[in-house]
Amino acid sequence: MTTMRGVFIVIVLLAIVSMAFATGNRPFVWADDEDYWPAIYRGSNGEPEGIFNDILTEVFKRLDIPLKKSVYPWERAQMMAKNGDADGMVTVYTKERATFTVATEPIWEIGETLFFLRTNPKACEILKINSFEDMRNFRVVDIQGAGWTKEQYKIHGIKNVMWVPNADSALNAIAAGRADIFIMFDLNAFRSLARKRAEGGPLAEGFQNIITIMPTFAKLPFRLLIRRDSPYAKMVDDINRVLEEMKKDGTMRRIRLKYAGIVSMR
């Protein structure tokens, strides 16, 4: 029994040494969205903040791996992960992203909700939307880099899509009547909409008339996606183990409690 235990310890130590050699003990480079509150966003000090930030900071701390993190416009962050300037990002695992990344277990499930203008002449038709198939005859606005919805538009033949830089621009398009539908992470959109309503301005009436179809249009599992040629791609099982530990010991719940009353505790 003692001999077997000793062999096991040696194997574990060799695995640790092997991984340290492969990574060169360099940090895991994480690039992500600067405007996806409360999941991940640029804080008042310019540094990443949010639920994903808190979770991954704890994950890599437990793995004793340095973490280098930064946030950018979403399309740029994705390009960094794709071209090798970053090891990974947190997002939905689409077919396109699966071609160059491997994925962990879900970190958090995010709700996507459909927003539109109550004064839109097509409002009654929009209220009947239950799937992407029902969206073909509407003008859609979306954020550049939105991989999951882009994939759905292609699958379901939705071609009338206006691509804009961020959620503010998308809500502007809805308020001004330039687009019929905006599908967005509900918590982020609600926050942006509340701010715009408070600010007033030339589109104030439009913002007051933006409403949403409830319940949530879709639930999407967000995962840490690691570039396939990153040395850290071999650590997916280790990351999954720590994520499970954090669920069991209550860490995940405590992190989300920082956003209590806003974030689902599931």
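The exercises below, each with a worked solution, concern a predicted model of a protein.

**Exercise 1. The whole protein**

Find how many helices and strands the protein has, and what share of its residues is buried.

Solution. Begin with the elements: the protein has eleven helices and twelve strands. Next, turn to burial, where the buried residues make up 49% of the 266 residues. Then consider the surface, which comes to about 13800 Å², with 55% of that accessible area belonging to carbon and sulfur atoms. Finally, look at the contacts between residues with a separation of 6 or more, of which 71% join residues that lie 24 or more positions apart.

**Exercise 2. Strand β1 and its partner**

Determine how many residues of strand β1 are buried, and in which sense β1 pairs with strand β5.

Solution. First, take the residues of β1, which runs over residues 28–33, and note that six of its six residues are buried. Second, compare the direction of β1 with that of β5, residues 67–72: the two strands pair in the parallel sense, over six bridges. Third, pick out one position as an example, for Phe28 stands opposite Leu67 in β5.

**Exercise 3. Val59 in helix α2**

Decide whether Val59 is buried or exposed, and list the residues it touches beyond its sequence neighbours.

Solution. Start by placing Val59 in helix α2, which covers residues 51–62. Its relative accessible area is 0%, and because buried means under 20%, Val59 counts as buried. Leaving out residues up to four places away in sequence, Val59 touches Ile239, Val242, Leu243 and Met246. As a further step, consider Glu245, which is 186 residues from Val59 in sequence, although their C-alpha atoms are 9.6 Å apart in space.

**Exercise 4. Helix α7 and its two ends**

Identify the buried residues of helix α7, and describe what is found at each end.

Solution. Within α7, residues 167–175, the buried residues are Ala167, Ala170, Leu171, Ala173, Ile174 and Ala175. At the N-terminal end, Asn166 acts as a cap, with a side-chain oxygen 3.3 Å from the backbone nitrogen of Asp168. After the helix comes Gly177, whose phi is positive, near 80°.

**Exercise 5. A buried charge**

Work out why Asp186 has no salt bridge, and name its contacts.

Solution. Asp186 belongs to helix α8, residues 186–199, and it is buried. The nearest side chain of opposite charge, that of Lys219, is 5.7 Å away, whereas a salt bridge must be within 4 Å, so Asp186 has none. Apart from its neighbours within four places in sequence, Asp186 is in contact with Gly111, Thr113, Phe115 and Thr216.

Terms used
Residues numbered from 1 in each chain as written. Predicted model: local features only at pLDDT ≥ 70, side-chain atom pairs only at ≥ 80, totals over all residues. Heavy atoms only, no water. Buried < 20%, exposed > 50% of the residue type's maximum accessible area, 1.4 Å probe, protein only. Helix = DSSP H or I, 4+ residues; strand = E, 2+ residues; numbered from the N terminus. Polar contact = N/O pair within 3.5 Å; in protein donor to acceptor, adjacent residues only side chain to side chain. Lys, Arg positive; Asp, Glu negative; His and termini not counted. Contact = heavy atoms within 4.5 Å. Pairing = 2+ DSSP bridges. Areas by Shrake-Rupley, 256 points an atom, 1.4 Å probe, with all protein chains shown as cover.
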